[in-house]
Amino acid sequence: MSFSLRATPSSLATRSLIRSQAWRSVSSSAPSKYAQASKDQSSAPPAGKQPLMKTFKIYRWNPDEPSKKPYLQSYSVDLNQCGPMVLDAIIKIKNEMDPTLTFRRSCREGICGSCAMNIDGQNTLACLCRIDRAAGETKLYPLPHMYIVKDLVPDMTQFYKQYKSIEPWLQADPPADGKEHRQSIADRAKLDGMYECILCACCSTSCPSYWWNQDRYLGPASLMAAYRWMADSRDQAGFARKEKMQNELSMYRCHTIFNCSRTCPKGLNPGKAIAQMKYEMATEG
């Protein structure tokens, strides 16, 4: 029994990457057109419930005011009039309190990776992070050690550039029968735990090696994506892919700190993929 999948041409993958970057970058600082309707619907507290206030301290910085330093702005949200996730609270703040607050979001289901940020010291997705209803503050920052576009929006240009550099598409000659590239169930299983990456950058921006050398070190997300194609039985560019890693910084700046594996909101293990890639490159003659 085998699986059949068509090869993805490099041109299509590049266009897909560009579309993905443009889609993720949609973040308006203008008020939502549903803000007033949402405010009207939530103006009255639910019957029988007292307000449960929670303070959110959010990183603010406006490039149009370069002389003003970044700061934390506090917002109080009634959790009894808000959804359970941190993203729900941020959307409520933007819609009802401060339309200038800027952040990225799209799917609200942990699929697109747009709402990645640092919440109480942990890189994660705001749409998957439940609000701690206990007393105390919740602090929100953009992903660390990245240039900031505005507020909670990091500049992902370098991250996408590195991902593109590993050529994340199938490179193989057309099948002899002119049909699909076939793959066994066992070979397909080798890709589990890697293909699910949504490129949220939580892992890369939690890595000290990436903080210090992100101009040349590819980082956990791109390295796991590179190994995903090296491990693909249908791909024929394995040698060339490994040759690209034969330098001091592209891969070998990984010091197995494993911050990447601890912080991944999808439960993936980039550290394991990188270790496996190192092992294969060291043992193959």
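How many helices and how many strands are there in the protein chain? The protein chain holds ten helices and nine strands.

**Figure 1. Overview of the predicted model of the protein chain.** The model shown in every view is predicted. The protein chain has 285 residues, and buried residues make up 44% of them. Its accessible surface comes to about 15,100 Å², and carbon and sulfur atoms contribute 53% of that area. Among contacts with a separation of 6 or more, 69% join residues that lie 24 or more positions apart.

**Figure 2. Surroundings of Glu137 in strand 6.** Strand 6 covers residues 137-141, and Glu137 belongs to it. Glu137 has a relative accessible area of 41% and is therefore partly exposed. When neighbours within four places in sequence are set aside, the residues in contact with Glu137 are Lys54, Thr55, Lys57 and Asp120. The side chains of Glu137 and Lys57 make a polar contact at 3.4 Å. From C-alpha to C-alpha, Glu137 and Lys57 are 6.9 Å apart in space, while 80 residues separate them in sequence.

**Figure 3. The tilted aromatic pair of Tyr59 and Tyr141.** A search of the whole structure yields two aromatic pairs. In the pair of Tyr59 and Tyr141, the ring centres are 6.1 Å apart and the planes stand at 50°, so the pair is classed as tilted. Tyr59 is located in strand 2 (residues 53-60) and Tyr141 in strand 6, so this pair ties together parts of the chain that are 82 residues apart in sequence. Tyr59 is buried, because its relative accessible area of 16% is under 20%. Tyr141, with 31% relative accessibility, counts as partly exposed.

**Figure 4. The edge-to-face aromatic pair of Phe159 and Tyr160.** The rings of Phe159 and Tyr160 are 5.9 Å apart, centre to centre, with 65° between their planes. This geometry is edge-to-face. Phe159 and Tyr160 are both buried.

**Figure 5. The charged end of Arg228 over the ring of Trp229.** The charged end of Arg228 sits over the Trp229 ring, at 3.7 Å from the ring centre.

**Figure 6. The sulfur atoms of Cys115 and Cys127.** For Cys115, the closest cysteine sulfur is that of Cys127, at 3.6 Å. For Cys127, in turn, the closest cysteine sulfur is that of Cys115. A disulfide requires sulfur atoms within 2.5 Å, so the distance of 3.6 Å is too far for a bond. The count of disulfides by this rule is zero. Cys115 is buried, with a relative accessible area of 4%, and Cys127 also counts as buried, at 7% relative accessibility.

**Figure 7. Surroundings of Thr124 in strand 5.** Strand 5 consists of residues 122-125 and includes Thr124. Thr124 is buried, with a relative accessible area of 14%. Leaving aside neighbours within four places in sequence, Thr124 is in contact with Cys115, Ala116, Met117, Ile119, Cys129, Cys202 and Pro265. Cys115, one of these contacts, is the residue whose sulfur is 3.6 Å from that of Cys127.

Technical notes. Residues numbered from 1 in each chain as written. Predicted model: local features only at pLDDT ≥ 70, side-chain atom pairs only at ≥ 80, totals over all residues. Heavy atoms only, no water. Helix = DSSP H or I, 4+ residues; strand = E, 2+ residues; numbered from the N terminus. Buried < 20%, exposed > 50% of the residue type's maximum accessible area, 1.4 Å probe, protein only. Contact = heavy atoms within 4.5 Å. Polar contact = N/O pair within 3.5 Å; in protein donor to acceptor, adjacent residues only side chain to side chain. Areas by Shrake-Rupley, 256 points an atom, 1.4 Å probe, with all protein chains shown as cover. Phe/Tyr/Trp six-rings, centres within 6.5 Å; stacked < 30°, edge-to-face > 60°. Lys NZ or Arg CZ within 6 Å of the ring centre and 35° of its normal.
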